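Trainee: I should like a close look at a single part of this model, namely its sheets and the elements that pack on them. Please begin with whatever has to be settled about the cysteines.

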Amino acid sequence: MSFHIAVLDADVPVPAVYKARGLGSTQFRSLLQAAAARLSEAGRRITIFTSAYDVVGGAFPPLESLRTTKRPETSGDEEEISNPLARPIDGIIITGAAAGAYDSPTHPWMKSLESWIQTVNVQYPHVKLFGSCFGHQIIAQALLSASAPHGTPGPAVKVERCPDGREMGLVDVDLSPEFVASFPKALGRLPGTQKQMRLQMVHGDWVVPVAGPTAELPVGWVNVGSTKLCPVQGLFCPGRVLTYQGHFEFDVFVTREFCLEFGRRLGWSEEETARYLALIEMDGGKDDSEIAAEVLTMFFCGLD
């Protein structure tokens, strides 16, 4: 089973991270390929190939390259193609970004991205969408807010600054039972009855229902989970959309460097920066990145 995932880079990482790890698309490729290797079973090998696009610079996957038909049921039915990136695109990843999804007057490329997401969602039902942090927020804004096109559930949510401040460092997300039930193989490995997924967080914006933080999402949509500061930690529309507010693609090194750079840019005090660093590094940085990556891989591969 081979899958072609297009990764839309919505920002360039801070200098230290870019020097050590490259673009966000590179980090996602490494984690998804590792997750695919773990999930591969005897006689059913999963292979992930990625292509990268600079959406800030206006580069999007051509619509002609997106999948327009249902995938074959078995790998043996796949057409033999020497170049795996010549296969139709099965899924889209939208990376994080420092900018706010609501700030399109300052960042005109965001309106193009939002429109492109809407086009893919409406016209290409066989292509799945995933977003992390900013990617989560721009997908929510495109598909569930007042700007969503006719025929979609919006306006159900809005994207705005978190009223209680930033969510930084390792955070335990209380997963919703509906989301856990959709990925029992991966999420069932988490300890306890109330499943929690620990991820690195670096955000000051949130997705919140228009009717209030505790309001339900539209029919067909599931809230991935919640935290004290952020009640919508991701969105799941089976077979179509998955998002995380957190960064499973970030480890301690990456999150620390983002924290230090943002602290310099925004003028955080030494005390505030130190408090965030302690949260990033707690418990030795132990997180559930691998499980989160496996859930995403299963989503793209139809294994949920």
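Mentor: A disulfide is taken here to be a pair of cysteine sulfur atoms within 2.5 Å. The model is a predicted one, in which local features need pLDDT of at least 70 and side-chain atom pairs count only at pLDDT 80 or more, while totals for chains, interfaces and linings use all residues. Residues are numbered from 1 along each chain as its sequence is written, and side-chain values use heavy atoms, without hydrogens or water.

On that criterion, a search of the whole structure returns zero disulfides. For C162, the closest cysteine sulfur belongs to C230 and lies 5.5 Å away, which is too far for a bond. C162 is buried, at 10% relative accessibility; buried means under 20% relative accessible area, exposed means over 50%, and partly exposed is in between (1.4 Å probe, protein chains only). C301 likewise takes part in no disulfide, the nearest cysteine sulfur being that of C237 at 18 Å. With a relative accessibility of 8%, C301 is buried.

We may now turn to the sheets. Helices (H or I, at least four residues) and strands (E, at least two) are DSSP runs numbered from the N terminus, and two strands pair if DSSP finds at least two bridges between them. Seven strands make an open sheet with mixed pairing, in the order β2-β1-β3-β4-β12-β11-β9. Its edges are β2 and β9 (222–223), each of which pairs on one side only.

Within this sheet, β1 repays attention. All eight of its eight residues are buried, so the strand is largely enclosed by the rest of the structure. S2, H4, A6 and L8 point one way from β1, whereas F3, I5, V7 and D9 point the other way. In a regular strand the side chains alternate between the two faces of the sheet. On one flank, β1 runs parallel to β2 (residues 47–54) and is joined to it by eight bridges; here A6 has S51 as its bridge partner. β1 also pairs with β3 in the parallel sense, over four bridges, and there the partner of A6 is I92. The ladder continues from β3 to β4, again parallel and over four bridges, with I92 placed opposite L129 as its bridge partner.

Helices cover this sheet. Contact means heavy atoms within 4.5 Å. Axes are lines fitted to C-alpha atoms, for helices over the stretch in contact, and angles run from 0 to 180 degrees between N-to-C directions. Helix α4 packs on the sheet with contacts to β3, β4, β11 (235–237) and β12, and its direction makes about 130° with that of β4. Helix α9 (residues 289–301) packs on the sheet as well, touching β1, β2, β3, β4, β11 and β12, at about 165° to β12.

Helix α3 (residues 109–123) adds a further set of contacts. Its buried residues include W109, M110, L113 and W116, and the buried residues of α3 pack against β1, β3, β4, α4 and β12. One residue of α3 is N121, which is buried at 14% relative accessibility. Leaving aside residues up to four places away in sequence, N121 touches L129, L143, T152, R240 and V241. W109 also figures among the contacts of V56, together with D9, A10 and D11, with the same exclusion of residues up to four places away. V56 belongs to the loop between β2 and β3 and is partly exposed, at 38% relative accessibility.

The other sheet is open and antiparallel, with three strands in the order β7-β6-β10. β7 (196–203) and β10 (225–226) are its edges; each has a single partner strand, so one side of each lacks a neighbour in the sheet. Eight bridges link β6 (residues 167–175) and β7 in the antiparallel sense, and D172 stands opposite R198 in β7. Helix α7 (residues 252–266) packs on this sheet, touching β6 and β7, with its direction at about 30° to that of β7. Helix α8 (residues 270–281) also lies across β6 and β7, running at about 45° to β6.
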